[in-house]
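Here are my notes for anyone opening this one cold. Keep the picture in view while you read.

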Amino acid sequence: MSPENPMVSIIIATYNRREELRTCLESVARQQDVDLEVLVVDDGSIDGTGEMLAEEFPEVRFIDEGESRCGPSHKRNVGMMAASGDFFLFLDSDVVLEDPLVVHRMQAALIADPTIGSVGGEIEVADGGADNVIGWNISSTGHFSAVPV
């Protein structure tokens, strides 16, 4: 691990979410001040996900396990074993990182306090429509720390 700028591996499990994944990866590409590797682990998509990644995001490491259909937890584990980063960030393929410094701040929190095992941020959830968004803040317990984003 580089003490000044440890790499963050972003691991995204996906299944038939080509368009959502494109938007997710566009938001990941806007992240600043952080050394990233991005891995997408596919769970048997048949919607052209692999082709889209090869054409539009050649820097993303695509892991295609065929039609195994083992679910996102298994795919995240596969991604962790293939990753080379010092820290892991798991994203669902429909997540949009609106703040271009959010990964940098999460990384900084982990570097600043070695007793922190994981960090999370506010998750906005639409409840019945775009005009009714509620934010859920992940709270601190034990060695878990929430980072304001």
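1. Start with helix H2, on the side where Glu-51, Ala-54 and Glu-55 are exposed. Across from them, the buried residues of H2 are Thr-49, Met-52 and Leu-53. Those three span an arc of only 100 degrees around the axis, so they sit on the same side of H2. As for what lies over them, the cover includes strand S1, helix H1, strand S2 and strand S3. Bear in mind throughout that this is a predicted model.

2. Helix H3 (residues 72–82) can be read in a similar spirit. Its buried residues are Lys-75, Val-78 and Gly-79. Looking down the axis of H3, you find them within an arc of 100 degrees, which means they line one face of the helix. Ser-73 and Met-81 are exposed on the other side of H3. And what do the buried residues of H3 pack against? They pack against S1, S2 and S3.

3. Now step back to the whole protein chain. You can find four helices and eight strands in it. Followed along the sequence, the elements come in the pattern β-α-β-α-β-α-β-α-β-β-β-β. The protein chain has 149 residues, and buried ones make up 38% of them. If you take the contacts with a separation of 6 or more, 67% come from residues 24 or more positions apart.

4. Next, the sheet. Four strands build an open sheet with parallel pairing, and their order is S3-S2-S1-S4. S3 and S4 (87–92) are the edge strands, since each of them pairs on one side only. On average, neighbouring strands of this sheet are turned by 20 degrees against each other, direction ignored.

5. Let's zoom in on one edge. How many bridges join S2 to S3? There are four, linking S2 (residues 36–42) with S3 (residues 61–64), and the two strands run parallel. To get from S2 to S3 the chain passes through H2 (residues 49–56), making a right-handed β-α-β crossover. Two places to click on: Val-40 stands opposite Phe-62 in S3, and Leu-39 has Arg-61 in S3 as its bridge partner.

6. Over at the other edge, S1 and S4 pair over six bridges, again in the parallel sense. One residue to look at here is Ile-10, whose bridge partner in S4 is Leu-89. That same Leu-89 belongs to the covered face of S4, along with Phe-87 and Leu-91. The uncovered face of S4 holds Phe-88, Phe-90 and Asp-92. Helix H4 (residues 102–112) lies across S1 (8–14), S2 and S4, and it runs at about 145 degrees to S4.

7. Stay with the uncovered face of S4, where Phe-88 and Phe-90 are found. A pair of aromatic rings is described by the distance of the centres and the angle of the planes. The aromatic count comes to one pair. It consists of Phe-88 and Phe-90: the ring centres are 6.4 Å apart and the planes stand at 40 degrees, so the pair is tilted. The tilted label covers plane angles that are neither under 30 degrees nor over 60. Are these rings' residues buried, exposed or partly exposed? Phe-88 is partly exposed, at a relative accessible area of 36%, and Phe-90 counts as partly exposed at 36% as well.

8. Last, two backbone spots to check in the loops. Asn-16 has a positive phi, near 50 degrees, in a residue other than glycine. You'll find Asn-16 in the loop between S1 and H1, and its relative accessible area of 27% makes it partly exposed. What is the phi of Asp-33, which is not a glycine either? It is positive, at about 60 degrees. Asp-33 lies in the loop between H1 and S2. With a relative accessible area of 54%, Asp-33 is exposed, because exposed means over 50%.

Notes:
Residues numbered from 1 in each chain as written. Predicted model: local features only at pLDDT ≥ 70, side-chain atom pairs only at ≥ 80, totals over all residues. Heavy atoms only, no water. Pairing = 2+ DSSP bridges. Right-handed = clockwise from strand over helix to strand, strands pointing away. Phe/Tyr/Trp six-rings, centres within 6.5 Å; stacked < 30°, edge-to-face > 60°. Buried < 20%, exposed > 50% of the residue type's maximum accessible area, 1.4 Å probe, protein only. Axes fitted to C-alpha atoms, helices over the stretch in contact; angles between N-to-C directions. Contact = heavy atoms within 4.5 Å. Arc of directions from axis to C-beta.
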